[in-house]
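The following exercises concern the fold, the core and one selected residue of a single protein chain. Each task is followed by a worked solution.

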Amino acid sequence: PYYVGINQNLYVEASLHSSDPMLKLFLDTCVASPTHHNNFTTGSYAIIKNGCVKDPTYVEYSSPYRHLLRFKFNAFQFIQSNPEVYLQCELVVCRAYDYSSRCYQGCVQRSKRDASS
């Protein structure tokens with residue numbers, strides 16, 4: 001566990017350990033949950049979803065390395081819950097400079113389906 005006070009910055013770094021220098025990391029989804037049984041939806045708070053920033057305190061830091069991803073957001077606590085918050089992130093690994101890959105699409109707004117038919 002990592003301990004941080006409410007509204008303090010929480011810094012996160014993810015790295016890909018590979019001998020292939022042509023791989024790139026992309027943060028697709030990152031959610032916080034009051035329990036460790038998180039499936040990206042149930043009772044969770046989205047910080048990033050489908051590459052789109054959802055938390056106004058989120059800041060991504062540039063990195064000189066494609067295999068390293070750094071970001072921060074303000075720590076918080078779920079109301080009427082344990083003081084613990086569990087973070088689960090989904091990262092995508094792509095070939096560097098493959099502009100058709102998910103890593104280069106950025107924020108993807110999913111369209112809602114029409115329920116009339």
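**Exercise 1. The open sheet**

Which strands form the open sheet, in what order do they lie, and is the pairing parallel or antiparallel?

*Solution.* The model is a predicted one. Step 1: list the elements. The chain contains seven strands and zero helices, and from the N terminus on the elements run β-β-β-β-β-β-β.

Step 2: order the strands of the sheet. Three strands form an open sheet in the order β1-β6-β5, with antiparallel pairing. β1 and β5 (59-61) are the edge strands, as each pairs on one side only. From one strand to the next, the twist averages 20°.

Step 3: examine one pairing. β1 and β6 are joined in the antiparallel sense over seven bridges. N9 has N74, in β6, as its bridge partner.

**Exercise 2. The nonpolar core**

Determine how many residues the largest nonpolar core has and which strands supply at least two residues each.

*Solution.* Step 1: the largest nonpolar core has 14 residues. Those with the most contacts inside this core are L27, I47, I48, Y58, F71 and F73.

Step 2: assign the core to strands. At least two of its residues come from each of β1 (9-15), β2 (23-33), β3 (45-49) and β6 (68-74). The largest share, four residues, is supplied by β2.

Step 3: inspect L27. Leaving aside residues up to four places away in sequence, L27 touches I48, G51, Y58, L69, F71, C89, E90 and L91.

Step 4: place the core in the context of the chain. Of the 117 residues in the chain, 30% are buried. Among contacts between residues at least 6 apart in sequence, 62% join residues at least 24 apart. The accessible surface of the chain comes to about 8,100 Å², and 51% of this area belongs to carbon and sulfur atoms.

**Exercise 3. The surroundings of Q8**

Why is Q8 classed as partly exposed, and which residues does Q8 touch?

*Solution.* Step 1: locate the residue. Q8 lies in the segment before β1.

Step 2: apply the cut-offs. Q8 is partly exposed because its relative accessible area is 44%, and this class lies between under 20% for buried and over 50% for exposed.

Step 3: list the contacts. Not counting residues up to four places away in sequence, Q8 touches F73, N74 and A75. Q8 and F73 are 65 residues apart in sequence, and their C-alpha atoms are 8.3 Å apart in space.

Step 4: add the polar contact. The side chain of Q8 reaches the backbone nitrogen of G5 at 2.8 Å.

How values were computed
Residues are numbered from 1 along each chain as its sequence is written. This is a predicted model: local features need pLDDT of at least 70, side-chain atom pairs count only at pLDDT 80 or more; totals for chains, interfaces and linings use all residues. Side-chain values use heavy atoms; hydrogens and water are left out. A nonpolar core is a set of buried Ala, Val, Leu, Ile, Met, Phe, Trp, Tyr and Cys residues joined through side-chain atoms within 4.5 Å. Buried means under 20% relative accessible area, exposed over 50%, partly exposed in between (1.4 Å probe, protein chains only). Contact means heavy atoms within 4.5 Å. Two strands pair if DSSP finds at least two bridges between them. Axes are lines fitted to C-alpha atoms, for helices over the stretch in contact, and angles run from 0 to 180 degrees between N-to-C directions. Accessible areas come from the Shrake-Rupley method with a 1.4 Å probe; for residues, only the protein chains shown count as cover. A polar contact is a pair of N or O atoms within 3.5 Å; within protein, one must be able to donate a hydrogen and the other to accept it, and residues adjacent in sequence count only if both atoms are side-chain atoms.
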